Amino acid sequence: MNAQPTRPLPQQTLALLIIGAGFSGLATGIRCRQEGIGPFAIVEKGDGIGGTWHENTYPGAACDIPSHLYSLSYVPKHDWSRLYPQQAEIAAYLRETARDHGLLPHLHLGTAVTGAAWDEAQSLWRVETSRGPVRARAIVSGMGGLHHPALPDIPGRESFSGTAFHSATWDHACDLGGKRIGVIGTGASAIQFVPEIAKEAAHLTLFQRTPAWIMPKHDRAIGARAKAAYRFVPFARRLFRERLFWIHELRALMGFTKVSKLTGQAEAMARRHLARAVPDKALREKLTPRYRLGCKRVLISDDFYPAMMRPNVSLETGRIARITPEGVVMQDGGAHALDVIVYATGFDLTGSFRTLDIVGRGGLTLAQAWRDGMGAFQGITVAGFPNLFLMMGPNTGLGHNSMILMIEAQVEHALSCLKALARQGRTAIEVRPEAQARFLADVQGRLSDSIWQAGGCTSWYQNEQGRNTAIWPGSVLAYRRGARRARLSDYRVS
Ligand code: NAP
């Protein structure tokens, strides 16, 4: 179903060009069809539907938000197989969503957007793609920020003579059976695939720079009775989703966005989780974080700590000096001979946006507008860039709840702007610089004493200047209240 005949790109001026066929792009497409906004097209650089869930296929890939919450409110699925969905099931859900909601005729796979320029005279975006130009009155970018694999700047990285790949571009042709594997990084991706590949490795060495706080996952299959209830009694499914929402939302409402007494209690819980699985005191010490819980993304896993106890797994906490053709050499001179290196080193958030050549009003590029750090009104619109809407843009990331809830609000924001344009018979809508500045000052003010800034860690949430351009510092409810519908007083319509 993923294989799409390469259809020609639209020649007419589109009402909307949607970039990306992941959650954001598909949600936008569905809502456009429901609201009669068109013509629109969805362009996707990958060869399939699903965005991050199409690309990240590493063993054990799953979501750490429950399936019934990690899905679109207007595309319910009653028969999720597990409490926490695995990659294949989410990818299948997204493919079915595209098919069932009539999005396939709008979809252009294998079409990467390389740049876009605002044409002031015509009041439209001229978009360059890998398959030719497209014109559109408006753009919704559903690219997200976590699709540019970050490879570590370790001397000699290119010299390694074995197989090396990043977790986001998993080399499934590489047989890991009986191999000496080195994994660099201990974030959300690593803790999911390490237990899987440790089962077949001759030896696995995990190179840890910073240990992560890990909570129990308690994943389970969803039984036939519950599935039947969710199918025949939609209210039961909605109630379950609502319950999941509040369980997660309470973390923000109770104050986990700041260092508090609760932080200590949660840390004690995580330490108990570690102690139950790792009796070895020295190993436990190495796996215990030295920053406050919540500063980096809190991970959930029931099989990562047990994997660290396997006789064929070792944890290396020294600093890597260099990579050689044979493996990894540490600063203390120790060496690890390896057949395979897997980089679980995350993504380059700003790089994902920086590579796009977007030119707004008066020749202003997005890179120039963001030279002091990324920022957007409600994380969605940027002054100087009319009719451009970012999904999962700056400062809308969540540590405590489902991103899908944020995406849905962002889609509604974009659509309310487009509908206002149509109502008023105008062609361009652009956020007022003062509204954007007010929003950013408020967000940065709230972030200044937050757990992400004051929790004693550095993370990819912060840019080179230490400014947090990734995280939304409040509850989903607060975000949705502010973002769901655009207030026209914040915008200039022309
Ligand atoms: P990540 O959380 O950014 O982790 C990267 C890891 O690589 C960290 O342990 C980091 O150490 C380490 N690292 C980076 N550069 C290094 C270097 N030069 N030398 C040694 N170690 C280095 O990346 P990720 O695990 O791919 O996850 C990225 C994001 O994707 C997550 O935060 C999450 O938002 C998303 N994700 C979500 C799920 C889910 O279930 N929803 C699953 C996977 C990923 P330091 O901590 O010291 O920097």
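**A walk through the fold**

The secondary structure of this protein chain adds up to 15 helices and 20 strands. Keep in mind as you look around that this is a predicted model.

Start with the overall form. A compact globule of 494 residues would have a radius of gyration near 23 Å, and the chain comes out at 23 Å, so the two agree. Along the principal axes, the C-alpha atoms fill a box of roughly 70 × 50 × 45 Å. Of the 494 residues, 56% are buried. Among contacts with a separation of 6 or more, 73% link residues that sit 24 or more positions apart. As for the outside, the accessible surface is about 20800 Å², and carbon and sulfur atoms supply 52% of that.

Now zoom in on one sheet. Five strands make up an open, parallel sheet, lined up as β7-β16-β8-β9-β12. The edges belong to β7 (163-166) and β12 (313-316); each has a single partner strand, so one side of each is left without a neighbour in the sheet. On average, neighbouring strands here are turned by 15 degrees against each other, ignoring direction.

What does β12 pair with? Its partner is β9 (residues 203-207), in the parallel sense and over four bridges. One spot to find there is Phe207, whose bridge partner in β12 is Glu316.

Finally, look for helix α4 (residues 188-198), which lies across β8 (180-184), β9, β12 and β16 (340-343) and runs at about 175 degrees to β8. Is α4 mostly covered or uncovered? Mostly covered: nine of its eleven residues are buried, including Ile191, Phe193, Val194 and Ile197.

Terms used. Residues numbered from 1 in each chain as written. Predicted model: local features only at pLDDT ≥ 70, side-chain atom pairs only at ≥ 80, totals over all residues. Heavy atoms only, no water. Pairing = 2+ DSSP bridges. Helix = DSSP H or I, 4+ residues; strand = E, 2+ residues; numbered from the N terminus. Axes fitted to C-alpha atoms, helices over the stretch in contact; angles between N-to-C directions. Contact = heavy atoms within 4.5 Å. Buried < 20%, exposed > 50% of the residue type's maximum accessible area, 1.4 Å probe, protein only. Rg over C-alpha atoms; globule rule 2.2 N^0.38 Å. Areas by Shrake-Rupley, 256 points an atom, 1.4 Å probe, with all protein chains shown as cover.
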